[in-house]
Amino acid sequence: MVPIKGTIVQARNAKVRDDYVLAVSQALRHDLGSSAPAIKTIMRWTGASNRAAKYWLAGERGPGGWHLIQLARNSDAVFHAFLMMAGRDAFEVSIEVNAARASLARADAILEALGPRH
């Protein structure tokens, strides 16, 4: 008989765990699709194994801390999902701030072009 290695620690709330796994999977599929190149991209981003990347993409398991950080660093969708799960959706606010800055820069350029020239 082959000994089982590793320990599977169950989350106290299975729904929270399932929601986490699903959110990360959906975010990855949104950004990368579900093809073989997507798996290779996840592996390159995180240094994780092929099997782990497949599990994350398929929604069978979720990444641990360090891998989640690497995914969020490289994927806006994963970063956004993480913030939503944490109840801190600053991502939407940052998009609005950036859009406002761009609008103000365009308005300033228009005013400069229309203003009197000295």
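Select T46 and show its neighbours. Beyond residues up to four places away in sequence, T46 touches W56, H67, Q70 and L71. T46 sits in helix α2. The model is predicted. T46 is buried, with a relative accessible area of 8%. That label follows because buried means under 20% relative accessible area.

Add P63 and draw a C-alpha to C-alpha distance. T46 and P63 are 17 residues apart along the chain, and their C-alpha atoms are separated by 9.7 Å.

**Next stop: Q70**

Move from T46 to Q70. Q70 belongs to helix α4. With 9% relative accessibility, Q70 counts as buried. Set aside the neighbours within four places in sequence, and Q70 is in contact with W45 and T46.

Now colour the buried residues of α4. L68, Q70, L71 and A72 are buried there. What lies over them? The cover of the buried residues of α4 includes α1, α2, α3 and α5. Select residues 50–58 to see α3.

**The loop after α4**

Where does S75 sit? Select it: S75 is in the loop between α4, residues 65–74, and α5, residues 76–86. Is S75 buried or exposed? S75 counts as buried, because its relative accessibility is 0%. Show its contacts, leaving out neighbours within four places in sequence. S75 is in contact with D31 and W45. Keep W45 on screen for a moment: Q70 is in contact with W45 too.

**Across to helix α1**

Select residues 14–32, which make up helix α1. A23 lies in this helix. Which residues does A23 meet outside its neighbours within four places in sequence? A23 is in contact with A81 and M85. Add V78 and draw another distance. A23 and V78 are 55 residues apart along the chain, yet their C-alpha atoms are separated by 7.9 Å.

**Two salt bridges**

Stay on α1 and show the side chains of K15 and D19. How many salt bridges does the structure hold? It holds two. Side chains of opposite charge can pair when their charged atoms come close.

K15 forms a salt bridge with D19. The closest N and O atoms of K15 and D19 are 2.9 Å apart. K15 and D19 are separated by about one helical turn, because they are four residues apart in helix α1. An α-helix has 3.6 residues a turn, so residues three or four places apart point the same way. K15 is exposed, with a relative accessible area of 55%. D19 is partly exposed, with a relative accessible area of 38%.

Now select R17 and D18. D18 forms a salt bridge with R17. Here the closest N and O atoms are 3.7 Å apart. D18 counts as partly exposed at 44% relative accessibility. R17 is partly exposed as well, with a relative accessible area of 28%.

**The positive patch**

Switch to a surface view. Select K40, R51, K54 and R61. These residues gather in a patch of positive charge on the surface. Start with K40. Its place is in helix α2, residues 36–46. Why does K40 count as exposed? Its relative accessibility is 53%, and exposed means over 50%.

**Between α2 and α3**

Return to sticks and pick N50. N50 lies in helix α3. N50 counts as partly exposed at 33% relative accessibility. Leaving aside neighbours within four places in sequence, N50 is in contact with I39 and M43. Draw one last distance, to I39. N50 and I39 are eleven residues apart along the chain, and their C-alpha atoms are separated by 6.9 Å.

**Zoom out**

Show the whole protein chain as a cartoon. What secondary structure does the chain have? It comes to six helices and zero strands. Follow the chain from the N terminus, and the elements run α-α-α-α-α-α.

Colour by burial. Of the 118 residues of the protein chain, 25% count as buried. Put the surface back on: the protein chain exposes about 8,800 Å². Carbon and sulfur atoms supply 59% of that exposed area.

Finish with a contact map. Take the contacts with a separation of 6 or more. Residues 24 or more positions apart account for 48% of them in the protein chain. The pair of A23 and A81 is a place to look again, as A23 is in contact with A81.

Notes. Residues are numbered from 1 along each chain as its sequence is written. This is a predicted model: local features need pLDDT of at least 70, side-chain atom pairs count only at pLDDT 80 or more; totals for chains, interfaces and linings use all residues. Side-chain values use heavy atoms; hydrogens and water are left out. Patches are made of residues with over 30% relative accessible area and no salt bridge: like charges are joined within 9 Å, nonpolar side chains (Val, Leu, Ile, Met, Phe, Trp, Tyr) within 5 Å. Accessible areas come from the Shrake-Rupley method with a 1.4 Å probe; for residues, only the protein chains shown count as cover. A salt bridge is a side-chain nitrogen of Lys or Arg within 4 Å of a carboxyl oxygen of Asp or Glu. Lys and Arg count as positive and Asp and Glu as negative; His and the chain ends are not counted. The place of a charge is taken as NZ of Lys, CZ of Arg, CG of Asp or CD of Glu. Helices (H or I, at least four residues) and strands (E, at least two) are DSSP runs, numbered from the N terminus. Buried means under 20% relative accessible area, exposed over 50%, partly exposed in between (1.4 Å probe, protein chains only). Contact means heavy atoms within 4.5 Å.
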